[in-house]
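Please open the model in your viewer and keep the sequence panel visible. The stops below say what to select and what is found there.

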Amino acid sequence: MGGVVISGTGSFLPEQVITNSDLEMMVDTSDEWITARTGIKERRICPRGMASSDMGAEASRRACADAGISPSEVDFIICATVTPDNFFPSTACIIQSKLGIKNIPVFDISAACSGFIYGLEIGKNLLSSGVYKTGLVVASECMSRVTDYTDRAICVLLGDGSGAAVIKPSEEEGIMGSYLSADGSYGDLLNLPAGGSLNPASFDTVEKRMHFMKMEGAALFKVAIRAMSESVNKVIERFNLKKNDIAIVIPHQANLRIINGVAKDLGMPADKFYVNIEKYGNMSAACIPIALDEASKKGLIKKGDLIVTVAFGGGLTWGANLIRWTK
Ligand code: ACO
């Protein structure tokens, strides 16, 4: 058994754009504040009736086409999402059905913005078992459905989208390794208070706006920089690499100031960090596969390049993948 490589990537973004000027008409904010404090200029929003599975199925089809395979060749699906279509069936099951695939294992994982990083590591290990030949890791998020558009501290940050990767066993080593971590004691910094078994939907939970995401932005900001820097360091050290060996970092796109803070903390040039936050905002787990797909299609990643993906998210969870690009 050799390694596991990414053989195709794909992404899907809904067409509707919400600009900072649009948000100025909804809450007490300004394009200047949002741009200066976050780096975001616009974000995409799903139309009514479109769900995470619809975006995920399309991103998956595009990843399969990029890998030169038919979806029917996929042997398992891992879907990272905190905005599933429903509690159950899993969004992975719905994507499976939309792709017309039967009789394979599929499941969701809940690791918020770190979901794709967790998913790649789980997928790599499933393929390493030798039982499966082709895996699909998809991250899909309709963050607009859990966003309170009366809360200016949150609504300016979030957007919708999906990204996917096809992974395969190979002679080459692609996904070299990962560093994954979490600390549940930080759970209150970022959560969706109602709709689960603790606070099921009721008139009261709706009235108190508890079905929308809550966030302690300033506290998260500090933990995010520390956790992301730690993740990059850990994954690089494990392979005795130097920061100079890394061609490109694909970071979670929560805030441009967080990305620049991580670059500074690590002593790496900020231009090694791929940034598309100005166009899409924070799409939770979908940020990294969308950025990876974009960077690859733009020709910014060459065969043989070492890539680090890195994220933090609700849980709190955090982690990084070290990937050698083999396409
Ligand atoms: N427009 C104008 N003013 C605003 C806005 C807004 N949209 N939002 C907050 N403010 C105000 C605040 O009310 C505050 O005013 P005050 O000083 O009068 O009280 C002032 O701006 C400063 O607020 P801070 O919260 O200190 O602003 P900060 O510089 O920390 O930026 C931000 C806030 C952007 C939320 C930042 O803390 C951040 O990015 N944190 C991390 C967020 C994050 O990554 N969350 C996870 C993403 S969600 C997910 O993962 C699914």
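**Stop 1: the ligand and its shell**

Select the ligand and the residues around it: there are 23 of them, and the closest are Thr29, Arg37, Cys113, Arg152 and Asn255. Keep in mind that this is a predicted model.

Colour the shell by residue class. It has 14 nonpolar residues, five polar ones and four charged ones.

Now colour by domain. Domain 1 (3–172) and domain 2 (177–324) each give at least three residues to the shell around the ligand.

Next, show the helices. At least two shell residues come from each of helix H2 (31–38), helix H6 (152–155), helix H8 (217–238) and helix H9 (256–266). Which helix gives the most to the shell? H8 does, with four residues.

**Stop 2: polar contacts of the ligand**

Stay with the ligand and show its nitrogen atoms. Select threonine 29: an N or O atom in its side chain is 2.6 Å from a nitrogen atom of the ligand. Then select tryptophan 33, where an N or O atom of the side chain is 3.4 Å from a ligand nitrogen. At glycine 217, the partner is a polar backbone atom, 3.0 Å from a nitrogen atom of the ligand. How much of the ligand does the protein bury? The ligand taken alone exposes 1000 Å², and the protein buries 72% of that.

**Stop 3: the sheet of five strands**

Before looking at the sheets, recall one general point. Strands of a sheet pair through backbone hydrogen bonds, and the pairing is either parallel or antiparallel.

Select the strands E1, E7, E6, E4 and E5. In the order E1-E7-E6-E4-E5 they form an open sheet with mixed pairing. Strand E1 (3–12) and strand E5 (106–109) are the edge strands, each pairing on one side only. On average, neighbouring strands of this sheet are turned by 20° against each other, direction ignored.

Zoom in on E1 and strand E7 (residues 160–170). These two strands pair in the antiparallel sense over nine bridges. To find a place along the pair, select valine 4, which stands opposite proline 169 in E7.

**Stop 4: the sheet of four strands**

Select E8, E13, E12 and E11. This is also an open sheet with mixed pairing, and its order is E8-E13-E12-E11. Its edge strands are strand E8 (175–182) and strand E11 (248–251), and each of them pairs on one side only. Here, neighbouring strands are turned by 15° against each other on average, direction ignored.

Zoom in on E8 and strand E13 (residues 317–324). Their pairing is antiparallel and runs over seven bridges. Select serine 181 as a marker: its bridge partner in E13 is tryptophan 318.

**Stop 5: backbone details in the loops**

Go to the loop between strand E4 (76–80) and helix H4 (91–99), where proline 89 is found. Is the peptide bond from phenylalanine 88 to proline 89 cis or trans? The bond is cis, with omega near 0°.

Move on to leucine 316, in the loop between strand E12 (306–313) and E13. The peptide bond from glycine 315 to leucine 316 is cis as well, and its omega is near -15°.

For the last selection, take alanine 112, in the loop between E5 and helix H5 (115–128). What is the phi of alanine 112? It is near 50°, a positive value in a residue other than glycine.

Terms used:
Residues are numbered from 1 along each chain as its sequence is written. This is a predicted model: local features need pLDDT of at least 70, side-chain atom pairs count only at pLDDT 80 or more; totals for chains, interfaces and linings use all residues. Side-chain values use heavy atoms; hydrogens and water are left out. A residue is near a molecule or strand if one of its heavy atoms lies within 4 Å of it. A polar contact is a pair of N or O atoms within 3.5 Å; within protein, one must be able to donate a hydrogen and the other to accept it, and residues adjacent in sequence count only if both atoms are side-chain atoms. Accessible areas come from the Shrake-Rupley method with a 1.4 Å probe; for residues, only the protein chains shown count as cover. Ala, Val, Leu, Ile, Met, Phe, Trp, Tyr, Cys and Pro count as nonpolar, Asp, Glu, Lys and Arg as charged, and the others, Gly among them, as polar. Domain bounds come from an automatic or database domain assignment. Two strands pair if DSSP finds at least two bridges between them. Axes are lines fitted to C-alpha atoms, for helices over the stretch in contact, and angles run from 0 to 180 degrees between N-to-C directions.
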